[in-house]
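Work through these exercises with the structure open. Each task is followed by a stepwise solution.

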Amino acid sequence: IYHSFWPRTTCDGLIVCKGNAITSKGPGMFVHAVMGMRPNLIASRWNFADFQSTEHGGVSAIQMELTTLEANGLKGPGSGGVKVNFGSIVANGKLVCVTAETLLPGDKESKDPKTSMVSRAIHHNPIHDPDTTYEQPQELEFVWGGPSSLEGTSGHVSANLKVSVGSPAEPKGLLE
């Protein structure tokens with residue numbers, strides 16, 4: 001599995017929807033992913049965040065989390081369910097922080113993002129979707145925390161993004 005991220009760039013082009021061309025221009029990101037196998041053979045669950053803003057000279061925060069299959073655990077078959085998460089924060093054209101966190105089955109998400117290396121996706125207020133049988137979160141929270149990667153700058157960087165995504169009956173945006 002290979003993922004390479006270009007966390008902040010400018011995108012422009014046309015989106016064609018039902019025969020109508022819509023001009024689009026704004027901040028974006030690029031991911032080059034080479035899986036080598038079907039995603040369902042790697043992980044049972046994925047979370048992905050891409051936050052883009054023009055504030056502070058341009059800010060992006062990206063994060064990808066996967067939970068391994070039960071067959072792919074640290075101690076061999078049947079010990080899976082390991083959460084692997086990595087992300088980054090870019091501000092004003094500079095990579096500010098790179099985050100990563102691995103949680104083994106039974107580990108508690110107890111680290112403080114303001115002082116520790118933290119990278120996690122949290123589902124809040126899940127509601128049962130009768131069409132998919134999935135417990136859909138009504139809110140998603142993404143947390144980043146880690147040492148500054150800016151040259152000549154020490155200290156800790158943290159960020160938090162919490163967004164309401166609605167329910168299966170009343171969705172608020174893209175949730176797949």
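**Exercise 1.** Which element gives the most to the lining of the largest cavity, and with how many residues?

*Solution.* The model is predicted.
- Step 1: find the cavity. The search of the whole structure turns up one cavity of 30 Å³ or more. The largest cavity holds about 30 Å³ of space.
- Step 2: list the lining. The residues are E65, K83, N85, E101, T102, L103, E109, S119 and R120.
- Step 3: assign them to elements. Two or more lining residues come from each of β5 (83–91), β6 (94–103) and β7 (118–124).
- Step 4: pick the top contributor. β6 gives the most, with three residues.

**Exercise 2.** Sort the lining of the largest cavity into nonpolar, polar and charged residues: how many of each?

*Solution.*
- Step 1: take the lining, which includes L103, T102 and E101.
- Step 2: count by class. One residue is nonpolar, three are polar and five are charged.

**Exercise 3.** Which residues make up the largest nonpolar core, and which element gives the largest share?

*Solution.*
- Step 1: name the members. The core has eleven residues: A49, A61, I89, V96, C97, A121, L140, F142, W144, V157 and V165.
- Step 2: look for elements giving two or more residues. These are β6 and β10 (139–147).
- Step 3: choose between them. β10 supplies the largest share, three residues.

**Exercise 4.** Where does F30 lie, and which residues does F30 touch, not counting those up to four places away in sequence?

*Solution.*
- Step 1: place F30 in strand β2, residues 20–34.
- Step 2: list the contacts. With that exclusion, F30 touches S4, F5 and W6.
- Step 3: check a C-alpha distance. F30 and T9 are 21 residues apart along the chain, and their C-alpha atoms are separated by 7.7 Å.

Terms used: Residues are numbered from 1 along each chain as its sequence is written. This is a predicted model: local features need pLDDT of at least 70, side-chain atom pairs count only at pLDDT 80 or more; totals for chains, interfaces and linings use all residues. Side-chain values use heavy atoms; hydrogens and water are left out. On a 1 Å grid over the protein atoms alone, a cavity is a set of points where a 1.4 Å probe fits but cannot get out, and a pocket is an open set with protein on both sides within 12 Å along at least five of seven lines; lining residues have an atom within 4 Å of a point. Grid points are joined across faces, edges and corners, and a volume is the space filled by probe spheres set on the points. Helices (H or I, at least four residues) and strands (E, at least two) are DSSP runs, numbered from the N terminus. Ala, Val, Leu, Ile, Met, Phe, Trp, Tyr, Cys and Pro count as nonpolar, Asp, Glu, Lys and Arg as charged, and the others, Gly among them, as polar. Contact means heavy atoms within 4.5 Å. A nonpolar core is a set of buried Ala, Val, Leu, Ile, Met, Phe, Trp, Tyr and Cys residues joined through side-chain atoms within 4.5 Å. Buried means under 20% relative accessible area, exposed over 50%, partly exposed in between (1.4 Å probe, protein chains only).
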